[in-house]
Amino acid sequence: MSRHPLLLVLAACGALLPANAQTPPPAAIAAAPIKYRASDCHLHLVDFLQRTDGIKAVLEAMDKAGVDHTMISGMPLVKEWSMNETAQPQYYLDDDARCYWYSATDVLVANELAKLSGEDRKRFHPFICGINSADRNAVDHVKRMIEWYPGLWEGIGEIMTRHDDLTSLTYGDPAKADSVSLDPIYELAAANDLPVAIHSNLSSVWRREPIFRDEMTNALARHPKTKFIWCHAGISRRINIPTHTEEIRRILKTYPNVWIDIAWVVFEDYITKDGKPLKEWIDLIEEFPNRFMIGSDKVGKFHNYSPEIQKYYVLLDALKPETATKTARDNFLSTLPKRN
Ligand SMILES: [Zn+2]
């Protein structure tokens, strides 16, 4: 195959290289002294361009931050670099281009995991996520991954349903937590003892009532044998529900098959104020000491991993020691399939 001479010239000056290719990676942000052994319940090995610092970088970051175990998934969506844009977007919010579903993300995770040996490998708990969950055939991909990599997968997700701007930036109609297309996936998860991590917002960015709550509770009610990890306690950026803790309390009381992941902006925007944890959240977590878990929600880059885990120390310090240990580490592990 011959290359156009102009392309060769452009490539030689770096003009065809990705926007970030010439920038050296930022130096790792130092970790604070380790106070709690942790599990990370929410980590994406790759970003919205399916790029990654690599599994070894994750391992190094975990060691520095005191993280013994992590959930690891790919990213089910890719941000398109539109033919009309000169600047390459790095994040889904960078411009108006849409995102599309990308199943190879799971293969990428499996390939990276294969670089690890024995003890290191056991610290990673891979989840299958590369599905368009609005498609009633999506379960076929999950089955295929289980068949291709026997014994590898320990969960499904992050399933993307209602997710602020990402919902409208994605091609097609994204699924809702109770869409019929997700039923066979929840059933398969229950049959294989796999937890399902799902992103399903409680509301829109405009309304103050939890207008989408019932989509989640319908799924919980219809699939009592499926273990659900509700990502970010149903929150994304700019979502504001004054009755949030009451909603979560009622749901935890009603449905024993749901756990709450407090990763990402829900921690800064809801659980803490001016860096201090709010009493209503401390009380809620103490009332359900086995149901909350922490996560980094890092996507592909891990130089600033430690602060994303150690930010929870202010909350953990405010909990009873046994609740802190469970929230920091054990609750996530309790949802994983019981093997060996
Ligand atoms: Zn995520």
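**Exercise 1. In which sense do strand β8 and β9 pair, and over how many bridges?**

Before the solution, two notes apply to every exercise. Residues are numbered from 1 along each chain as its sequence is written. The model is predicted, so that local features need pLDDT of at least 70 and side-chain atom pairs count only at pLDDT 80 or more, while totals for chains, interfaces and linings use all residues.

Solution. Begin with the terms: strands (E, at least two residues) and helices (H or I, at least four) are DSSP runs numbered from the N terminus, and two strands pair if DSSP finds at least two bridges between them. Strand β8, residues 228-230, and β9 pair in the parallel sense over three bridges. Among the partners, Phe228 is bridged to Val258 in β9, and Ile229 has Trp259 of β9 as its bridge partner.

**Exercise 2. Place the strands in the sheet, and find which of them stand at the edges.**

Solution. Eight strands form an open sheet with parallel pairing, in the order β1-β2-β5-β6-β7-β8-β9-β12. At the edges stand β1 and β12, each of which has a single partner strand, so one side of each is left without a neighbour in the sheet. Next, turn to β5: three bridges join this strand to β2, and the two run parallel, with Thr70 standing opposite Phe124 in β5. Strand β6 (residues 155-160) also pairs with β5 in the parallel sense, over two bridges, and here Phe127 has Gly155 in β6 as its bridge partner.

**Exercise 3. Which residues of β5 point one way, and which point the other way?**

Solution. The term to fix is burial: a residue is buried if 20 or more other C-beta atoms lie within 10 Å of its own, exposed if 12 or fewer, and partly exposed in between, with C-beta atoms placed from the backbone. As a general rule, side chains in a regular strand alternate between the two faces of the sheet. In β5, Phe124, Pro126 and Ile128 point one way, His125 and Phe127 point the other way, and all are buried. Strand β5 (residues 124-128) is accordingly described as mostly covered, with five of its five residues buried. In β9, Val258 and Ile260 point one way and Trp259 and Asp261 the other way, and these are all buried too.

**Exercise 4. Describe how α9 and α11 pack.**

Solution. Axes are lines fitted to C-alpha atoms, for helices over the stretch in contact, and angles run from 0 to 180 degrees between N-to-C directions. Helix α9 (residues 244-254) packs with α11 at an angle of about 5 degrees, and their axes are 10 Å apart. That makes α9 roughly parallel to α11, since angles under 35 degrees count as roughly parallel, over 145 as roughly antiparallel, 65 to 115 as roughly perpendicular and the rest as oblique. For the residues that meet, a contact requires C-beta atoms, placed from the backbone, within 7 Å. On the α9 side these are Thr245, Ile248 and Arg249, which meet Glu280, Trp281 and Leu284 in α11.

**Exercise 5. Is Lys279 buried or exposed, and is Ser306 buried or exposed?**

Solution. Take Lys279 to begin with, a residue of helix α11. Lys279 counts as exposed because 9 C-beta neighbours lie inside 10 Å. Ser306, in helix α12 (residues 305-310), is buried because 22 other C-beta atoms lie within 10 Å. Leaving out residues up to four places away in sequence, Ser306 touches Ile29, Ala31, Ala61, Lys64 and Ala65.

**Exercise 6. Where does helix α14 bend, and by about how many degrees?**

Solution. The bend at a residue is the angle between axes fitted to the seven residues ending there and the seven starting there. Helix α14 (residues 321-334) bends by about 55 degrees at Thr327. Thr327 is also one of the buried residues of α14, which include Thr323 and Phe332. The elements against which the buried residues of α14 pack include β1 (38-40), β2 (67-72) and α13 (313-318).

**Exercise 7. Locate the backbone exceptions at Glu158 and His232.**

Solution. Most residues other than glycine have a negative phi, and most peptide bonds are trans. The bond from Gly157 to Glu158 is cis, with omega near 5 degrees, and Glu158 lies in strand β6. His232, which is not a glycine, has a positive phi of about 55 degrees and is placed in the loop between β8 and α9. His232 counts as buried because 27 C-beta neighbours lie inside 10 Å.

Definitions and conventions:
Two residues are in contact if their C-beta atoms, placed from the backbone, lie within 7 Å.
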